[in-house]
Amino acid sequence: MMDQLITKATITKARAMYGKRLKLEDYRELMHRSSVAEVADYLKRNTHYKELLSGVDTNTIHRGFLEDLIKRHGMERYQKLCNFQHLDKIAFYNYEIYQREVEEIVAAIMHLNSGDGDNYYIDVLPAYLLSHASFDLMALAKTTTFKALLNVLAKTPYRKLLEHEQPDENGKYNCAKIEIVLRSAYIEWMKDAVDKCFGKKEAAELHVMIKEQVDLINAINSFRIKVLADAGAEVSELGTLPYYEGKSRRKQEYLMESKDPSEYINRLQHSFYGRQMMQFEEGLTKDNLEHTVLTLRFRLTKRRFRTTVSTAVSFYSILYLFSVEEQNLINIIEGIRYQVPISYLERMVVL
Amino acid sequence: MSIEKMELVNVAGLLEDLDQTLLRCCDSGCFHMESALQDVGDGRGFTALHEENPYVPTLKRLYSLAGSLNFKLESADYSSLKENDLQLDEYVSNLEGEFRDLREKIRVGKQEISQREQALIQVKHLDGLNVDFQKIFALTHIGVRFGKLPADSFNKLEYYQNRPFVFVPYERGKEFFWGAYFVPNEEKQIVDSIFDSLYFERVRVPDFVRGTAEDAVKDLTDELAALNAELSESTAEMEKLLKERRSDLNKVFSKLKFLHDTFELRKEAVVMNGKFYLVGFIPLKSAKTFMGLFDDLPGVSVILSPPELDQRITPPTKLKNNIFSNPFAMFVEMYGLPAYNGFNPTMFVAITYTLLFGAMFGDLGQGLVIAAVGFVLYRLKKNAIGQIMLRIGVSSACFGLLYGSVFGYEHALTPLYQMIGFESKPLEVFAQTNTVLIGAIALGAILILISILINIFIGFKQKDYERAIFGNNGIAGFVFYLAILVGMVCQMVLGIPIFNAPYILIFCVIPALIMFFRVPLGRYFSNRHSEEEHEGIGTFIAENFFELFEYILSYVTNTVSFLRVGGFVLSHAGMMLVVMTLSEMVAEGMSPVVVIIGNIFVMCMEGMIVAIQSLRLEFYELFSRFYEGDGHAFRPVGVNYESDSLE
């Protein structure tokens with residue numbers, strides 16, 4: 001109890017950080033820039049990325065490097081918040097590292113599947129994670145076989161999760177399935193950590209947030225499977241994260257039993273989340289489902305962040321909100337680099 | 001203390017006389033121009049003039065020249081300039097030519113300096129590399145790339161340890177490692193692509209760099225010194241030339257700006273059949289002088305008429321104030337100028353603001369200091385704030401005499417009072433708290449009543465009987481409010497049970513009913529018939545019931561709002577008490593310091609707060625009763641030398 005009271009200053013710090021977030025006007029300004037250099041210049045002059053870009057010549061910055069810097073900034077923000085009141089000593093707060101490790105393992109397996117010896121994975125490996133990961137990322141980048149990969153993960157819980165995976169007839173591993181396995185384990189670990197680290201009230205609030213996250217990710221995944229593979233409920237279930245509660249399972253099954261994507265949308269519109277999404281200006285349609293679901297999650301998180309008195313919820317929320325900001329920026333940067341129309345970029349920004 | 005009387009001016013003449021007419025209008029300094037198209041309307045054969053201003057290109061070039069020389073163009077007397085438009089353009093071209101060579105020399109010099117400085121930065125980073133650059137550039141089998149590698153990417157180099165290159169870092173920056181990689185020529189392409197993927201930024205060392213890094217630094221430093229000396233010479237030459245040409249530049253600028261701005265006014269005229277037509281306003285007192293300006297233009301006729309003659313154009317407002325109230329016009333303009341036929345509230349603001357500020361900030365010493373600061377500010381900057389401070393400072397000093405306070409010393413004036421026959425000061429703030437608060441309310445009530453009387457006066461002046469008689473700020477409202485006040489004073493203070501049935505009926509109920517039916521009553525007495533749809537009785541009752549409720553509530557809230565005056569009297573005294581207490585707590589030598597600092601702090605902080613609160617009371621409690629700032633300012637046409645905006 002005392003520990004929880006002591007960590008309340010983190011809520012204030014998180015709210016101070018939130019005050020510096022990018023606003024709609026910033027996104028509009030960025031979208032109207034005509035080059036990556038101009039985007040970098042705007043970020044350097046007018047936003048909280050000033051310090052990040054202070055040592056960088058924005059006239060010559062590479063798109064990929066800028067994106068890397070933005071992602072690294074996210075990691076630094078996480079570190080800063082953890083170190084502020086030594087939250088990293090509480091197991092739950094290490095979820096961010098866990099999540100990123102899962103992403104890197106999946107990326108490494110995709111690299112193995114590509115099999116032609118290019119350096120794709122080392123190019124995208126986030127160097128800032130090297131010192132934080134629980135296994136040797138450089139060794140992971142050098143692996144050329146699945147067995148070697150498992151050896152790198154020998155002293156981690158990931159090994160046990162992956163050791164029974166088998167390649168298909170082409171020697172490729174099912175990355176989608178592996179991702180679901182790893183993420184499911186991550187979700188289970190999170191649930192467990194929440195129950196062990198926090199009191200009843202705070203844990204309940206966190207569980208609600210995680211449940212929302214799982215439900216909405218499942219809604220997107222099932223829809224993708226429905227649209228791409230026109231798959232039935234059994235197949236769709238393979239692409240879902242573990243349900244939080246029986247009610248979630250039944251509702252998701254109801255969605256997955258839809259005959260086609262249109263019916264899926266119709267059923268989703270009448271669900272708890274769907275009714276909220278229908279209040280958005282653009283409503284909920286087949287074409288905007290993913291963006292709308294992400295927007296819903298963003299707004300639910302924002303609302304929770306503003307009203308919560310729980311350190312963990314505040315921490316979890318602020319990092320998610322900024323991860324959305326980072327993704328918005330990356331979308332804009334890539335859009336400008338590849339000269340995507342502004343109207344398209346506007347539809348991609350989650351706010 | 002009123003609004004300047006205006007005359008509507010119609011000017012018509014031959015088109016060839018338009019420029020001369022506009023020149024004289026500008027020169028007069030008293031002609032407020034309106035759009036003639038607004039007056040004559042469209043579609044009657046009149047057309048507006050849409051011409052390109054011929055002075056824009058020359059003026060732009062002049063602004064550009066001045067900008068490049070960091071020279072601020074100012075207005076000057078150009079009467080000695082005899083050049084015509086073409087000659088002015090030639091003159092500007094000659095000026096540009098004179099400065100062009102020097103500017104080019106300076107530009108090239110700056111560029112060379114910049115190049116050398118950049119090279120110096122790069123070479124300084126290579127300081128650890130004790131090799132002759134020329135030898136490195138001469139290598140035939142090994143390629144070298146100098147540059148910087150992001151720190152994150154440096155950590156990834158381990159992945160490529162089996163590749164044929166060597167990266168040698170020699171300096172670490174915040175985000176980057178400065179270094180060089182060496183690669184066999186045949187592997188250059190692959191290794192270059194690896195470093196590209198690691199975001200390596202290549203730095204090209206200029207070929208004029210010779211020797212080792214240390215030698216190169218020395219050579220570059222010497223070259224930079226020489227170039228900087230040359231640049232200083234050129235800059236001094238430029239400044240000398242500018243000094244010689246300054247006066248001419250300003251004269252040419254002034255004439256061009258005058259011609260430009262005057263030409264812009266042509267857009268306000270309309271033309272038909274080779275004749276132009278202008279309309280505007282001038283102050284009545286300037287009419288004769290203005291007419292005289294056109295005596296030598298037989299083709300131009302000027303007709304003066306009463307300002308209300310043309311309903312399509314609203315006369316502008318120019319406030320006429322006396323010496324005391326003139327600075328307070330700033331507050332009135334902040335709220336909004338009165339309409340031409342409206343009421344000039346500046347004197348009212350001057351008196352009430354001075355009174356309210358003085359009451360809330362009563363201290364003889366502090367008041368005199370504020371007055372002194374205001375006086376100095378006025379002398380230095382010639383602005384209204386200084387003048388206002390002078391007046392409110394004196395008012396504070398007067399109230400300070402009443403409260404007996406001098407820089408927080410509450411008993412410093414006791415001998416003075418005793419000399420004039422008082423035992424002690426007239427008002428002991430903390431001992432007579434109720435008096436202070438009740439006094440504040442009484443002051444507020446009086447000011448509100450005065451505001452209502454002003455509204456009644458304006459209403460009768462404008463023949464708006466609904467406003468003057470039946471409204472909540474008319475006679476009905478006045479009677480109602482006064483009756484409540486008198487009743488409360490009699491009942492609670494004097495013990496006279498005045499609130500009996502006849503009193504309530506005559507002075508409260510009847511005025512309330514009049515306010516309730518103000519709209520139909522107003523229409524009846526002014527013989528106006530509304531073109532609006534007649535609303536139903538239910539709607540009428542509901543609307544007016546709530547409006548009446550709002551009026552009564554506003555009487556209460558506006559009156560109680562003046563409690564803040566008493567509140568600030570007490571808070572001011574309280575703050576000075578704190579200062580005095582603190583001064584007694586410190587060592588004796590420090591006590592005057594604490595008193596001085598405390599007084600400065602209170603004067604600044606409390607002074608600002610009281611100033612804002614007084615303004616708030618003016619605008620919200622008083623102006624809302626009678627004032628509508630819906631006029632527009634009188635702006636005589638002329639040349640704006642400060643603005644560099646060109647059409």
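**Figure 1. Surroundings of N10(B) in strand β2 of chain B.** In this predicted model, N10(B) belongs to strand β2, which covers residues 6–14 of chain B. Strands (E, at least two residues) and helices (H or I, at least four) are DSSP runs, numbered from the N terminus. N10(B) is buried, its relative accessible area being 15%; buried denotes under 20% relative accessible area, exposed over 50%, and partly exposed the range in between (1.4 Å probe, protein chains only). The side chain of N10(B) makes a polar contact of 2.9 Å with the side chain of Y277(B). A polar contact is a pair of N or O atoms within 3.5 Å; within protein, one atom must be able to donate a hydrogen and the other to accept it, and residues adjacent in sequence count only if both atoms are side-chain atoms. A36(B) is 26 residues from N10(B) in sequence, with a C-alpha to C-alpha distance of 9.2 Å.

Residues are numbered from 1 along each chain as its sequence is written, chains are lettered from A and ligands numbered from 1 in the order in which they are written, and side-chain values use heavy atoms, with hydrogens and water left out. Because the model is predicted, local features need pLDDT of at least 70 and side-chain atom pairs count only at pLDDT 80 or more, while totals for chains, interfaces and linings use all residues.

**Figure 2. Chain B as the setting of the views of N10(B) and K425(B).** The secondary structure of chain B consists of 22 helices and 12 strands. Of the 647 residues in chain B, 46% are buried. Among contacts in chain B with a separation of 6 or more, 79% are between residues 24 or more positions apart; contact means heavy atoms within 4.5 Å. Chain B has an accessible surface of about 34,000 Å², and carbon and sulfur atoms contribute 60% of that surface. Accessible areas come from the Shrake-Rupley method with a 1.4 Å probe; for residues, only the protein chains shown count as cover.

**Figure 3. The salt bridge between K425(B) and E428(B).** The closest N and O atoms of K425(B) and E428(B) are 3.6 Å apart. A salt bridge is defined as a side-chain nitrogen of Lys or Arg within 4 Å of a carboxyl oxygen of Asp or Glu. K425(B) is buried, at a relative accessible area of 7%, whereas E428(B) is partly exposed, at 28% relative accessibility. Elsewhere, salt bridges with shared partners connect R72(A), E76(A), D152(B) and E175(B) in one network.

**Figure 4. The interface of chain A and chain B, with the salt bridge of D152(B) and R72(A).** Chain A contributes 23 residues to the contact and chain B contributes 16 residues. The area buried between the two chains is about 1,800 Å², 51% of it from carbon and sulfur atoms; buried area is the accessible area (1.4 Å probe) that two parts lose on being put together, summed over both. There are 3 salt bridges between chain A and chain B. In the one formed by D152(B) and R72(A), the closest N and O atoms are 3.2 Å apart. The interface also has 7 residue pairs in polar contact, both residues at pLDDT 80 or more. On the side of chain A that touches chain B, the elements giving two or more residues are α5 (63–84), α7 (120–124) and α8 (137–142). The most comes from α5(A), with 5 residues. This side of chain A has 11 nonpolar, 6 polar and 6 charged residues. In this classification, Ala, Val, Leu, Ile, Met, Phe, Trp, Tyr, Cys and Pro count as nonpolar, Asp, Glu, Lys and Arg as charged, and the others, Gly among them, as polar.

**Figure 5. The salt bridge between E326(A) and R77(A).** The structure holds 37 salt bridges over all chains. In the pair shown, the closest N and O atoms of E326(A) and R77(A) are 2.9 Å apart. This salt bridge links distant parts of the chain, with E326(A) in helix α18 (residues 311–337) and R77(A) in helix α5 of chain A, 249 residues apart. Both E326(A) and R77(A) are buried.

**Figure 6. R267(A) and E263(A) within helix α15 of chain A.** Helix α15 spans residues 261–269 of chain A and contains R267(A). The helix is mostly covered, with 7 of its 9 residues buried; P261(A), Y264(A) and I265(A) are among them. R267(A) counts as buried because its relative accessibility is 17%, and E263(A) is buried as well. These two residues form a salt bridge whose closest N and O atoms are 2.6 Å apart. E263(A) and R267(A) are separated by 4 residues, about one turn of the helix. Beyond its neighbours within four places in sequence, R267(A) contacts Y254(A), L255(A), E257(A) and S258(A).
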